Amino acid sequence: MIYSEESTLESRRRAANRLAAWKFNTAIPHALEITLSLLTVTIQDEELSAPSSSSSNSASTSFGTKSSLALRQAYALAIVRLVNSLVDPLQQGVYARPIAAIAAQIGLPAWFVELRHQATHEDLPSLLVLQEAAREPTIQLSPVEPILQRYKSLVKATSKDITLQKKRSTDFDKVFRDLERWIGEAKIASWGAMNLSVVDDDEDDWKEGWALDRLCEALLGRGGLVPVSKKKRSQPSSKVAPPPNAATWSDLLTKLTTTHPSLPARLVSNLISIFSLPPESGSSS
């Protein structure tokens, strides 16, 4: 990975050159275009800080030897574009929502929003702050398990008392809306996982698949499709039987499949990956 601790200046140069060549030939996913902007400015910064060489001399010529203003401007522009690219897709209402609220929704650190505001409307942030922002992992996707557990609790409550089904219908609707919002947030967060191996022509399909894979991982964990109690889990036998908690999750999976048709295939693919793990790699529980 180009941002891993093992990456070097030379490996980042190769990554930037590959992205630039790709962009020259065709339109690239927006996430990779932002990555290219950040890569380019961090490489130029490293070259300016490196011992005198032909590459650092050329970088000094581009940015000026007496001032870091141009370097700060390049960093600021890349970070402003990064924040805008993450929050703009969620500006879907009639009235614009505060950027800080959207950032909190998708797990973007608040100081990135402050940095964007400062770079856009006030004095440019210092070079040290901009350098730290360029190295900082941006999005921390909120866990989906609490939403799934709310759904599970609702199913248990209504199965014990059928008269609660109509009363709890609005609660079920809210769970489904929250899940759809989480999937949308996961699609935005997927840009951080997108790398140079992504060559899919349809960026939206790739983001959708990444988000659904994260959902499947939660569904296949303990407390999801896998019961917490070992006694409730299916035992190995020659007879194929439905999962013991199929009734709990069937409505949720059916509803999600109507809006995300690839979910069943993603779920099966994740199941196969789990079953393909060697015994020592899996959990005994």
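## Helix packing around α4

The axes of α4 and helix α7 (residues 127-135) come within 10 Å and cross at roughly 40°. Axes here are lines fitted to C-alpha atoms, for helices over the stretch in contact, with angles from 0 to 180 degrees between N-to-C directions. Helices (H or I, at least four residues) are DSSP runs, numbered from the N terminus.

This is a predicted model, where local features need pLDDT of at least 70 and side-chain atom pairs count only at pLDDT 80 or more. Residues are numbered from 1 along each chain as its sequence is written, and side-chain values use heavy atoms, leaving out hydrogens and water.

**Exercise 1.** Work out how α4 is oriented to α7, and find which residues meet.

*Solution.* Start with the angle: roughly 40°. Under 35 degrees is roughly parallel, over 145 roughly antiparallel, 65 to 115 roughly perpendicular, and the rest oblique. So α4 is oblique to α7. Next, look at who touches whom (contact means heavy atoms within 4.5 Å). From α4 come Leu-71, Arg-72, Tyr-75, Ala-76 and Ile-79, and they meet Leu-127, Leu-130, Gln-131, Ala-133 and Ala-134 of α7.

**Exercise 2.** Now do the same job for α4 and α6.

*Solution.* First, grab the geometry: α4 (residues 69-87) packs against α6 (residues 110-121) at about 125°, and their axes are 9 Å apart. That pair is therefore oblique too. Then list the contact: α4 brings Ala-76, Ile-79, Val-80, Leu-82, Val-83 and Asn-84, while α6 offers Phe-112, Leu-115, Arg-116, Ala-119 and Thr-120. Finally, spot Ala-76 and Ile-79 of α4: they sit in the contact with α6 and also meet α7.

How values were computed
Helix = DSSP H or I, 4+ residues; strand = E, 2+ residues; numbered from the N terminus.
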